[in-house]
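Let's take a walk through this fold together. Have the sequence and the model open side by side, and follow along as we go.

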Amino acid sequence: MTGDELRFLLTSTALIVGLTAVGLVAVHLVARRFLKWARAEQRVREARRQQLVTLILIVRWVLDILLVTSAVLMLLATFGIEITPLLASVGVAGLAVSLGAQTLIKDLIGGLLIIVENQYAVGDNIQVGDVSGEVERITLRTTQVRALNGDLFVVPNGEVRVMANRTRDWSRVMLDLGVAYEEDLDRALRVLEESAEAFGQDPAFAPHLLEPPQVLGVASLGDSAANVRVAVRTQPGKQWEVGRQLRKYLLAACEREGVSLPYPRQEVWVRGPAQPEGDASG
């Protein structure tokens with residue numbers, strides 16, 4: 001190797017390493033700035049802030065891998081090592097790995113889309129298939145959901161096809177209250193409307209409501225009662241607490257105003273044997 005060739009190799013190596021180092025520093029500086037912004041932004045929910053931080057770290061990691069890989073390939077080419085067979089081998093190995101890890105790749109892509117699209121966040125109450133509960137943790141591969149009874153479900157992100165987010169933007173309470181057929185329905189509706197209006201103005205519950213409760217009228221006819229539907233929009237995640245309190249409020253109003261509510265009952269008719277004509281007994 002001549003002196004000129006040696007100087008060329010050293011110069012090329014220094015240039016490649018230097019540019020790679022500058023690129024890595026630039027990526028980390030930009031990522032640090034974005035991380036600082038995401039952690040200091042007060043208008044973003046804590047759960048969404050965690051997702052942004054995770055996404056920034058993922059992008060930084062991917063860029064680091066790309067820069068280092070490109071630098072290694074350029075160095076190999078500079079030293080005269082044929083990289084075409086190496087790239088072909090890497091491609092075949094990558095294809096084999098991808099075929100054997102399709103489920104893992106699907107989960108990773110699903111997790112990335114969940115974070116980018118903000119489909120749900122930590123603290124949201126969701127339902128995925130037969131699994132429902134509060135999201136405790138989101139990673140690129142899985143979502144951990146805590147059910148009401150305490151069970152922790154680990155859902156692969158690739159399996160999230162149809163998902164219901166119960167705590168996004170706003171929620172709604174829909175409850176049916178049975179009114180006995182013997183009761184004056186117009187009077188019962190008036191009592192429920194007055195009670196629902198009073199509930200909406202109660203300072204203990206008003207902060208959780210987005211609009212006053214509405215008595216929608218008779219929704220269905222049951223075996224022993226006419227089912228009256230009451231609906232109200234609430235703050236996200238407050239529908240269960242508001243629903244419990246609203247049922248209690250309406251029940252107390254009906255008892256106070258004497259509105260008959262149905263309950264399971266069974267009537268038994270007892271008939272004795274027929275008495276013969278002319279029988280003076282009994």
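How many bridges join strand β3 to β4, and which way do the two run? Strand β3, residues 142-146, is joined to β4 by 5 bridges, and the two run antiparallel. If you want a spot to look at, find Gln144, which stands opposite Val154 in β4. A word on terms: two strands pair if DSSP finds at least two bridges between them. Helices (H or I, at least four residues) and strands (E, at least two) are DSSP runs, numbered from the N terminus.

Before going further, some ground rules. This is a predicted model, in which local features need pLDDT of at least 70 and side-chain atom pairs count only at pLDDT 80 or more, while totals for chains, interfaces and linings use all residues. Residues are numbered from 1 along each chain as its sequence is written, and side-chain values use heavy atoms, with hydrogens and water left out.

Now zoom out from that pair. β3 and β4 belong to an open sheet of 5 strands with antiparallel pairing, in the order β4-β3-β2-β1-β5. At its edges sit β4 (152-156) and β5 (163-165), each pairing on one side only.

Zoom out once more and you'll find 6 helices and 8 strands in the protein. Reading along the sequence, the pattern goes α-α-α-α-β-β-β-β-β-β-α-β-β-α. Of the 282 residues, 31% count as buried (under 20% relative accessible area with a 1.4 Å probe, protein chains only; exposed is over 50%, and partly exposed is in between). Take the contacts (heavy atoms within 4.5 Å) between residues at least 6 apart in sequence: 62% of them join residues at least 24 apart.

For a feel of such a contact set, pick Leu246 in helix α6. Is Leu246 buried or exposed? Leu246 counts as buried because its relative accessible area is 0%. Leaving aside neighbours within four places in sequence, Leu246 is in contact with Leu175, Phe199, Val230 and Val232. Val173 is 73 residues away from Leu246 along the chain, yet their C-alpha atoms are separated by 9.2 Å.

Next, the pockets. On a 1 Å grid over the protein atoms alone, a pocket is an open set of points where a 1.4 Å probe fits, with protein on both sides within 12 Å along at least five of seven lines; lining residues have an atom within 4 Å of a point. The largest one has a volume of about 390 Å³, volume being the space filled by probe spheres set on the points, which are joined across faces, edges and corners. Its lining has 17 residues, with Asn125, Gly133, Glu134, Leu148 and Trp240 nearest the centre. β2 gives the most to that lining, with 4 residues. By type, the lining of the largest pocket splits into 4 nonpolar, 6 polar and 7 charged residues. Here Ala, Val, Leu, Ile, Met, Phe, Trp, Tyr, Cys and Pro count as nonpolar, Asp, Glu, Lys and Arg as charged, and the others, Gly among them, as polar.

The second largest pocket, at about 290 Å³, is lined by 10 residues, and Ile58, Trp61, Val62, Leu108 and Leu140 lie nearest its centre. Its lining is made up of 10 nonpolar residues, no polar and no charged. The elements giving two or more residues to the lining of this second largest pocket are α2 (46-78) and α4 (102-117).

Last stop: the loop between β5 and β6 (171-180), where you'll find Asp169. Asp169 is not a glycine, yet has a positive phi of about 70°. Asp169 counts as exposed because its relative accessible area is 61%.
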